[in-house]
Amino acid sequence: MRCFLWLWACQYQRGWQHCLTNAITFAFVQMLFVLPVMYLNRHFYVVGFRTLWQGAPNMDTLVGLGSMAAALFGVFAIFRIGWGLGHGDMALVLEYSRNLYFESAGMIVTLITVGKYLEARAKGQTSRALEKLMDLAPKQAVVLRAGKEQLVAVETLAVGDVVVVRPGERIPVDGVILDGTTSVDESAISGESIPVAKGAGDRVISATINKTGFIHFRAERVGEDTTISQIIRLVDEASASKAPIARLADKIAGIFVPAVIAIALAAGGVWLMLGASVEFAFSIAISILVISCPCALGLATPVAIMVGTGKGAEHGILIKSGEALEMAQAIDTVVLDKTGTITEGKPRVVEVQPLGIDTSEFLAAAAGLEQGSEHPLAEAVMAYAREQGVCPVMMTEFSAVFGRGVKARQGAAVWLAGNMQFLLEQGVAVERYRQRVDALADAGQTPLLFARGQELVGIISVADTEKPTSAEAIRQFKAMGIEVVMLTGDNARTAEAVRRRLAIPQVIAGVLPVHKEEHIAALQAAGHKVAMIGDGINDAPALARADVGIAIGAGTDIAIESADAVLVKDDLLAAVDAVRLSKAVIRNIRENLFWAFFYNVVCIPLAAGVFYTAWGLKLSPVVGAAAMSLSSVCVCLNALRLRWFQPVVAEKVNAKAMSWMPAEEHKEEKEMETTLKIEGMMCQHCQKHVNEALTKMDGVTSVTVDLEGGKAEVKASREIPREEFKAVIEAAGYELVD
């Protein structure tokens, strides 16, 4: 390149003009210098002319034509210089010695090559996320075989192998812990920065880091089936896919090159007809060829998609195709499954209310009664008892009534557990508690009633609690102008309670799994662009039907296969981020396309000399080549701005305190103070009994019982109706005085 800059400068030195007799020598030297440059960049000529011959010219065609035309004009100039010297026409020699264009032939391909190098470096950064993912996968693993540890290649692991992982090592494949406890850093997969505690029976994911403990786990997914391998495959496929907007750009680029060649020929011809010199017209044609930039159009979408999908993978958002990425930004309605999507999908005990019995004694009896059942509600009671350190009492003669309750015997006593109807049928007097039971049901909780003989001894409330970030995710969707619909198979009362707490605009309850897809189709028929978010097998048809199906990563394989995007993190906020990322990528693509079009609309007329007559503006082919390279680099750099995308950070709320609070009260947590006049308290035992009963009420933060004054001061985070206080106090065996 330095040689050409030096030769170009030398042509215009005054001393050179007095040595025109040597013009042909120096012209020939320039040609010798440019030949190696053209040979090193022969790709432009080979590919460019081949595609032109095949009727599908591309950017290489424009560059090859421009550079070759400049070189051939230089050869023509050498012959003209020789003719001028032979005939003593020094004016002709001077004219052509100043218009050799060998420097343009070399500089055009050199600048384009430099531009392609910078472009490749920029594009290389777009796939950095994928490379990081590939680097995360361990290459070796320690397995137990015949009682001895062996270091083997990860590729040789088989399902069922027992793998040993020490602190600080990466987990090589997916599996289930057999023994040992630890904390695992899953940030590389889910984006969650806080390590997750793991023990026997818990699942571990490939490429995550074992932080503290020594564990043995059984390999369940190996090779291409591991989570990290699936993530790499999805990101790679999505990066290579085309969005609909990319196909439009491809069509435009397909007619762009022939149009540019036609414009270059026409512009050169027009200037010749207007009386310009052949050199001027030739310079105009070459400038148009090399300044036009179809590659900017071609890069506008794939680079943005590569960056976007890679960034999504960093935050646990796996988008399977460019089409899904584009469609996500257009949705106006999001349909949410309830169980496992909005909620945890696992019932938990939220309140224990013993009636005339010690709490520990009641909980031990309840756990003993429920240990004979495999119902999810029974499992919740058993889990709560374990958390409280309570051992279940031994019972015999278990019998279960499907959908109603269970019965068992402890010595001579008969114990019952179930819903109100079941206990009524067994002769237990529970009518006085109907209002309270209904209030729990209206709050979205399932009340389990326990009786010893004919006496009710306690109520345990169980519920599938909402995930801590569900409310924030729904608020974010609504803030983006997206309508939120909850679609669930639960009964209307439970669904309504969830709707109130999370301020969901619309709920469709009591929907059978086979009918979920029909509701999605109905919304689409009404003109909506619908995204479905779910996690179960029964969600798979709806996920496939929706314009964009988003599967929660903790869900079933069939749901994940049916979806267009997968959320590795079991968090609805990740679905919000998927939509935000889609909007950011499509906005970036549109910016790239706009500036690519704007560049060509401005630069082609400038290169054609449209502004030359009025303002003397004219681009040389060298400047045109530099501008074209710069436009491609700018498109790549603009796409790289997507690397700054950050996920939504949920507002820090006390999920436990806010879980059962009505949605309208989430805005401001207020503490309510209430004074209750209570009759029937005779001793400190009564004082303790009343204190325990009131403390267990939902929303109560503190209780002070005055035995001598016969009253209780109650502070709560919500406004508790007097009827609810009355029911609790009467259930404890005392009376609330109005």
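Q: What is the hand of the crossing in which helix 21 passes helix 26?
A: In this predicted model, the crossing of helix 21 past helix 26 is left-handed. Helix 21 contributes Ser 470, Glu 472, Ala 473, Gln 476 and Phe 477 to the contact, and helix 26 contributes Leu 572, Leu 573, Ala 575, Val 576 and Val 579. By class, these residues divide into seven nonpolar, two polar and one charged.

Q: What makes helix 21 roughly parallel to helix 26?
A: The axes of helix 21 (residues 470-479) and helix 26 (residues 572-607) come within 8 Å and cross at roughly 25°. Angles under 35 degrees count as roughly parallel, and helix 21 is therefore roughly parallel to helix 26.

Q: Why is helix 17 called oblique to helix 18?
A: The axis of helix 17 (residues 359-370) crosses that of helix 18 at roughly 140°, and the two axes come within 9 Å. An angle must be over 145 degrees to count as roughly antiparallel, and the roughly perpendicular range is 65 to 115. The crossing falls in neither class, so helix 17 is oblique to helix 18. Helix 17 passes helix 18 in a left-handed crossing.

Q: Which residues make the contact of helix 17 with helix 18, and how do they divide by class?
A: On helix 17 they are Leu 363, Ala 366, Ala 367 and Glu 370; on helix 18 they are Ala 378, Val 381, Met 382, Tyr 384 and Ala 385. The division is eight nonpolar, no polar and one charged. Glu counts as charged, so Glu 370 supplies that class.

Q: Why are strand 12 and strand 13 said to stand at the edges of their sheet?
A: The sheet is open, with six strands in the order 12-17-16-15-14-13 and antiparallel pairing. Strand 12 (348-354) and strand 13 (396-401) each have a single partner strand, so one side of each is left without a neighbour in the sheet. From one strand to the next, the twist averages 15°.

Q: How do you know that the strands of this sheet pair?
A: Pairing requires at least two bridges. Strand 12 and strand 17 run antiparallel and are joined by six bridges, with Val 462 as the partner of Val 349. Strand 16 and strand 17 pair in the antiparallel sense over seven bridges, one of which sets Ala 451 opposite Leu 456. Four bridges join strand 15 (residues 413-418) to strand 16 (residues 446-452), also antiparallel; here Gly 418 has Leu 449 as its partner.

Q: What lies between strand 16 and strand 17 in their hairpin?
A: Two residues separate the strands, and Gly 453 in the turn has a positive phi of about 70°.

Q: What makes strand 17 mostly covered?
A: Eight of the nine residues of strand 17 are buried. Helix 18 (residues 376-387) lies across strand 12, strand 16 and strand 17 (455-463), at about 75° to strand 12.

Q: Is Gly 55 buried or exposed?
A: Gly 55 sits in the loop between helix 4 (42-53) and helix 5 (59-86). Its relative accessibility is 60%, and the class exposed begins over 50%, so Gly 55 counts as exposed. Its C-alpha is 9.1 Å from that of Pro 258, 203 residues away in sequence.

Q: What share of the residues in the protein is buried?
A: Of the 738 residues, 49% are buried. The protein has 31 helices and 26 strands.

How values were computed: Residues numbered from 1 in each chain as written. Predicted model: local features only at pLDDT ≥ 70, side-chain atom pairs only at ≥ 80, totals over all residues. Heavy atoms only, no water. Axes fitted to C-alpha atoms, helices over the stretch in contact; angles between N-to-C directions. Contact = heavy atoms within 4.5 Å. Buried < 20%, exposed > 50% of the residue type's maximum accessible area, 1.4 Å probe, protein only. Left-handed = near helix turned anticlockwise from the far one by under 90°.
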